[in-house]
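I opened this notebook page to record what I looked up in the structure. The entries follow the order in which I consulted it.

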Amino acid sequence: MKCELAVDSYNGSKNSGVNAVIRVFSKSRKSERWSIRKCSDGTFVFVNKNSGKALNAENGAANKAAVKMRNRTNSTAQRFYLEQVSTKVVTRPYDGLCTLRASRNKSFVIDVPAGSTQSGTKLQVYRSNGTKAQKFRFYYSGNNTYRIVN
């Protein structure tokens, strides 16, 4: 059976500045639930329902920059383009396989380093290369929240 890895905050922390990681998927873990907020410029902000913190591309979305959880600021570091990469017919607005492209530099996307399947791996921003490490599936989990799974 394939082990699914979900985007989460490090150890489920509610603190600002902790790394965003992938962890073994758990339906009961609240820190794996995300609300998706669409901005007027067509970008999206991903807010963790457990902590209220947003995904944030550090250091101007430079290659190999960390993705951390930060207080919401409305900055471009917290805005991503959500690009659907599958041809699956979607039943909800964000269902399906997607890439999260940095709004500060569209050449870079959220990435799992080296395509790691190790629980606890820290997410990074990396030049887009179309690999599985840069594709995430969104699963609706009720109450306007999604699980983001690599």
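**Secondary structure**

I read the elements of the protein chain from the N terminus and noted the order β-β-β-β-β-β-β-β-β-β-β-β-β. The model is a predicted one. I recorded 13 strands and zero helices for the protein chain.

**Overall dimensions**

I then looked up the extent of the C-alpha trace, which spans about 35 × 35 × 30 Å along its principal axes. I compared the radius of gyration with the globule rule: the protein chain has 14 Å, and a compact globule of 150 residues would have a value near 15 Å, so the two agree. Of the contacts in the protein chain with a separation of 6 or more, 48% join residues 24 or more positions apart.

**Surface and charge**

I noted an accessible surface of about 7,400 Å² for the protein chain, with 45% of it belonging to carbon and sulfur atoms. I counted 27 positive and 8 negative charges, and their mean positions lie 3 Å apart.

**Interior**

I found that 49% of the 150 residues are buried. In soluble globular proteins, nonpolar side chains tend to be buried together. I therefore looked up the largest nonpolar core, which has 30 residues. The residues with the most contacts inside this core include Phe46, Leu55, Leu100, Ile110, Leu123, Phe136 and Phe138.

Which residues does Leu123 contact, leaving aside its neighbours within four places in sequence? I listed Val7, Ala20, Val21, Ile22, Ala66, Val67, Ile110, Asp111, Val112 and Pro113. Ile110 thus appears among the contacts of Leu123, and Ile110 is also one of the residues with the most contacts inside the core.

Terms used: Residues are numbered from 1 along each chain as its sequence is written. This is a predicted model: local features need pLDDT of at least 70, side-chain atom pairs count only at pLDDT 80 or more; totals for chains, interfaces and linings use all residues. Side-chain values use heavy atoms; hydrogens and water are left out. Helices (H or I, at least four residues) and strands (E, at least two) are DSSP runs, numbered from the N terminus. The radius of gyration is taken over C-alpha atoms; the globule rule is 2.2 Å times the number of residues to the power 0.38. Buried means under 20% relative accessible area, exposed over 50%, partly exposed in between (1.4 Å probe, protein chains only). Contact means heavy atoms within 4.5 Å. Accessible areas come from the Shrake-Rupley method with a 1.4 Å probe; for residues, only the protein chains shown count as cover. Lys and Arg count as positive and Asp and Glu as negative; His and the chain ends are not counted. The place of a charge is taken as NZ of Lys, CZ of Arg, CG of Asp or CD of Glu. A nonpolar core is a set of buried Ala, Val, Leu, Ile, Met, Phe, Trp, Tyr and Cys residues joined through side-chain atoms within 4.5 Å.
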